[in-house]
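This report walks through one protein chain, from an enclosed helix to ring pairs and backbone details. Please keep the structure in view while reading.

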Amino acid sequence: MKRTDAYGAQAPAQTLEELDVTSAQGLTTEEAARRLDRYGPNEIATQEETLLHRIGRRFWGPIPWMIELAAILSAAVGKWDDFGIILVMLLINVFLDFFQEHRALNALKALQAGLAKSARVRRGGAFASLPVRELVPGDIVKLRLGEIVPADIQLIEGDFLLVDQSSLTGESLPVSRKAGEVIFANTIVKQGEMLGVVVNTGMNTDFSGVVALVAQAQLESRSHFQEMVMQIGRFLILVTVLLVMLIVLVALFRHQPMLEILRFALVLAVAAIPVALPAVLSVTMAVGAVNLARHKAIVSRLTAIEELAGVDVFCSDKTGTLTRNEMTVVSPVALDGHDERELFLTAALASRLENQDPIELPIFHYLDERLPGTDLTAYSALDFKPFDPIGKRTEAVVEHDGRRFTAMKGAPQVLIGMAALDEAAAEALSQTVDQLAARGYRTLAVGRREGDQPLELIGLIPMQDPPRDDSRAVIDEMHANGVKVKMITGDNLAIAREIGHLLGLREQAIRSAQLSGAAGSELMGLIEVLAGAIHHRLKGTAGLAESRSFAREVIDEVRTRFDTSLLEREFLHTHESAIIEMIEAVDIFAEVVPEDKYRIVDTLQKGGHIVAMTGDGVNDAPALKKADCGFAVSNATDAARAAADIVLTAPGLSVINAAVKQARITFERMKSYATFRIAETMRIILFMALSILVFDFYPITALMIILLALLNDIPILSIAYDNTRVQATPVRWNMKELLTLSSLLGLTGVVFSFLLFFLLEEWQVPRGEIQTWLFLKLIVAGHFTLYITRAPGWFWQRPYPAPILLAATFGTELLGTLFAAEGWFMQGIGWQGAALVWAYAIVELLVSDVVKSIAVRTLLRPAAPAGKKSLSARSALQTKEQAA
């Protein structure tokens with residue numbers, strides 16, 4: 001099968017011959033059935049992951065393995081209470097993760113649903129309505145106003161079609177297509193009626209490429225949060241395995257019973273495994289999702305909140321996202337002897353409101369808003385000729401007060417050619433049109449003609465798709481938050497530059513062809529401009545039209561004498577690292593296709609950036625899925641919504657900055673808890689291991705271990721509601737900092753635990769009471785550690801802990817104190833002993849805070865600013881390229 005574009009480069013007759021069909025008869029039913037067997041149904045084939053596999057893979061990974069090992073060991077030694085608690089923790093985490101993914105797994109289904117359901121097909125000489133999935137290459141179909149194009153089609157009969165390709169290409173205006181040209185599946189017919197022949201169906205359509213990109217992005221996606229949990233899991237597994245192996249060897253040397261060794265392995269595993277870590281982090285992100293919902297942003301993938309906190313590049317579609325996706329009039333130009341009212345009256349007479357044409361609607365809106373009182377009812381339309389791509393104008397024969405005239409609007413170059421203008425006037429008007437085009441405006445010329453007289457030009461009506469009211473403010477705030485903004489659009493370069501200028505973006509812009517390093521067309525364009533400018537300067541009497549003609553002749557001669565295709569392949573063969581630098585430096589990308597958007601996001605990610613993407617169309621779906629955090633705007637297609645991680649339900653983008661702030665708050669909470677939990681895990685496992693290895697003493701009982709897990713983790717869910725600062729720059733996980741700080745705090749706790757053990761031994765306290773003292777110390781000092789990890793400075797500085805966090809931590813500390821003092825589940829130490837433990841824990845709190853401050857200021861350098869990581873990434877790429 002040939003690509004769809006290849007059919008567009010040949011005559012319809014050749015296509016019909018290749019497909020062995022005639023337009024008058026179409027395919028026979030038998031032939032259509034044979035082709036259906038050969039090419040398959042006209043649908044996007046997808047292979048869905050089974051429900052069993054989706055559930056099963058949640059029990060696979062370092063932390064699930066540790067939890068499952070602890071559960072198995074609990075069952076092996078008959079500790080069913082421990083087994084139940086561990087199993088509940090595991091199932092809670094699996095349920096939360098599965099539920100969130102279930103809500104986000106509809107991208108490919110929505111893309112399939114975007115296709116048309118039925119089509120008018122000529123089979124055996126007669127038209128019939130058939131399901132779209134039964135279309136095959138060679139089918140003759142009729143396309144009419146409002147229909148979704150069911151497959152890739154070459155037009156063969158009829159005047160023209162006006163096709164809305166915005167959801168597929170991002171172009172803000174419908175495009176005109178005539179016989180011989182191709183149109184693509186999932187675009188919409190806005191005007192006209194034509195016959196076409198199906199050239200590609202199903203997975204061979206251009207639309208299927210969008211689906212393939214979405215599927216690829218979904219397979220490759222793994223969040224930084226998942227990577228962080230994996231690293232923590234690997235770290236704790238390594239520490240646990242080493243200590244368990246050491247303890248088992250010592251136990252065997254001491255000739256202890258194997259069952260006792262297994263029992264201790266269970267206790268140590270329970271102590272080492274942060275059973276609630278995934279659940280607590282998931283709940284923390286879920287609370288952030290609820291807060292975002294209050295701002296009209298629905299989160300479909302929880303880990304996107306964590307990703308959003310580190311976003312340092314924000315890529316945005318233009319049409320319908322940064323702009324309104326509706327054309328408006330900009331600075332109309334009325335020629336001498338005419339005024340605005342006459343200009344728009346004539347333009348309205350040459351239009352039809354009922355057509356809802358996106359080019360004509362702004363004319364009627366301008367009349368209503370700026371020129372009230374204009375009476376169109378006084379004019380009678382006797383004849384109307386709609387726009388066609390050949391004549392490039394609309395005409396209406398109008399009668400008013402017994403006089404007839406023709407109102408006309410259309411392409412400026414066409415109407416200027418029809419008007420009786422001298423060369424100087426025509427040249428001046430053409431220059432005005434060129435200046436408007438350079439600013440990205442779509443311009444209509446308007447004129448009227450009475451009888452056989454020449455056309456009288458009345459003026460020009462420039463239009464553009466303007467930015468949303470809040471877009472500039474949103475971008476400015478993003479810049480203030482340390483996030484770079486890049487605009488990506490399917491519109492032409494001039495339009496992209498003008499909108500970028502209005503939005504405060506740097507006006508440096510590139511076309512999609514430059515993304516791959518190809519720049520031959522740019523060079524040819526430069527040659528043409530230079531040739532025209534030189535000709536105009538050397539021949540001062542020459543008009544611009546003559547100079548442009550000379551420049552085109554120069555280009556034709558260059559193409560004749562030189563193989564310009566070499567330019568596309570060899571003008572700029574660049575390293576991937578150089579392309580990364582180019583994309584980082586450019587803020588505006590024009591004339592892009594879905595593959596380009598995907599490539600931009602992918603390249604930035606290779607450069608070490610965390611990338612957010614926002615869009616509204618099918619063409620945005622692959623990039624939305626590929627991005628670390630994808631936003632679908634309020635008017636987005638189903639495909640974009642399904643591919644996105646966060647769906648905005650209110651117009652505009654202002655909620656995105658609120659989402660960034662909420663994400664950074666959530667990230668700080670998650671970081672605080674992760675640091676605390678790793679420190680606690682190391683504090684317990686090291687203390688227990690060393691106690692047994694050195695003193696042959698179990699510092700706390702198995703029951704105390706379970707109580708520690710409950711009193712530490714379940715109330716700590718309140719960290720999800722804690723107060724925290726909002727960072728002014730993007731934040732991301734720094735495992736070196738996290739593990740170093742956690743280890744230092746854990747070691748400090750181990751030192752204080754052994755010091756307490758030494759003092760109690762010196763005071764000849766019974767071993768059973770020593771266990772209770774140590775249990776209470778681990779509870780109180782452990783929760784105090786949370787106050788150290790949650791604050792960037794000293795623990796007593798702002799932001800203060802939230803009331804719910806204070807209540808949860810002090811509540812569980814008091815409960816643990818009650819157990820220890822009264823002797824519930826352990827030997828009692830009395831309230832005086834409990835008070836001494838609290839005083840001791842406060843001293844540990846002060847010392848640990850000093851250790852944290854010293855570590856942050858001396859041992860831990862600040863993480864490289866977001867994006868700087870790309871230097872190392874580029875260095876690696878350059879090394880690979882040089883080796884190649």
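## An enclosed helix

Helix α20 (residues 493-502) is largely enclosed by the rest of the structure, because seven of its 10 residues are buried. The model is a predicted one. The buried residues of α20 are L493, A494, I495, A496, E498, I499 and G500. Which elements cover them? The cover includes the helices α14 (318-322) and α18 (423-438). It also includes the strands β18 (456-464), β19 (484-488), β20 (509-511) and β21. After α20 comes G504, with a positive phi near 85°.

## The chain as a whole

The protein chain has 34 helices and 24 strands. Of its 884 residues, 54% are buried. Its exposed surface is about 38,600 Å², and carbon and sulfur atoms supply 58% of that area. Contacts reach far along the sequence. Among those between residues at least 6 apart, 73% join residues at least 24 apart.

E342 offers a single case. This residue sits in helix α15. Is E342 buried or partly exposed? Its relative accessibility is 23%, so E342 counts as partly exposed, given that buried means under 20%. Leaving aside neighbours within four places in sequence, E342 is in contact with G337, R448 and I458. The C-alpha atoms of E342 and I458 are 7.7 Å apart, although 116 residues separate the two along the chain.

## Aromatic pairs

How many aromatic pairs does the structure hold? There are 18. One of them joins F344 and Y366. Their rings are stacked, at 4.1 Å centre to centre and with 10° between the planes. F344 belongs to helix α15 (residues 340-349) and Y366 to helix α16 (residues 361-370), so this pair links distant parts of the chain, 22 residues apart. F344 has 0% relative accessibility and therefore counts as buried. Y366, at 8%, also counts as buried.

A further stacked pair is made by F810 and W838. Their ring centres lie 6.2 Å apart and their planes meet at 20°. F810 lies in helix α32 and W838 in helix α33 (residues 830-859), so the pair ties together parts 28 residues apart in sequence. Here the burial is mixed. F810 counts as partly exposed at 31% relative accessibility, whereas W838 counts as buried at 17%.

Ring pairs also build a cluster. Its members are F687, F695, F697, F754 and F757.

## Two helices and their loop

Helix α32 also packs against another helix. The axes of α31 (residues 767-789) and α32 (residues 803-822) come within 9 Å and cross at roughly 175°. The two helices are therefore roughly antiparallel to each other. On the α31 side, the contact is made by T772, F775, L776, I779, V780, H783, F784, L786 and Y787. On the α32 side, the contact residues are L805, L806, T809, F810, T812, E813, G816, T817 and A820. By class, this contact has 11 nonpolar, six polar and one charged residues. F810 thus appears both in this contact and in the stacked pair with W838.

The loop between α31 and α32 contains P799. The peptide bond from R798 to P799 is cis, with omega near 0°.

## Positive phi outside glycine

Two further loops hold a residue other than glycine with positive phi. The table sets them side by side.

| Residue | Phi | Loop | Relative accessibility |
|---|---|---|---|
| S331 | about 45° | between β12 (328-329) and β13 (333-334) | 55%, exposed |
| E591 | near 55° | between β21 (588-590) and α25 (594-606) | 28%, partly exposed |

S331 has its positive phi although it is not a glycine. At a relative accessible area of 55%, S331 is exposed. E591 has a phi near 55° and counts as partly exposed at 28% relative accessibility. The loop of E591 begins after β21, and β21 is among the elements that cover the buried residues of α20.

Note on methods:
Residues numbered from 1 in each chain as written. Predicted model: local features only at pLDDT ≥ 70, side-chain atom pairs only at ≥ 80, totals over all residues. Heavy atoms only, no water. Axes fitted to C-alpha atoms, helices over the stretch in contact; angles between N-to-C directions. Helix = DSSP H or I, 4+ residues; strand = E, 2+ residues; numbered from the N terminus. Parallel < 35°, antiparallel > 145°, perpendicular 65-115°, else oblique. Contact = heavy atoms within 4.5 Å. Nonpolar A, V, L, I, M, F, W, Y, C, P; charged D, E, K, R; others polar. Buried < 20%, exposed > 50% of the residue type's maximum accessible area, 1.4 Å probe, protein only. Areas by Shrake-Rupley, 256 points an atom, 1.4 Å probe, with all protein chains shown as cover. Phe/Tyr/Trp six-rings, centres within 6.5 Å; stacked < 30°, edge-to-face > 60°.
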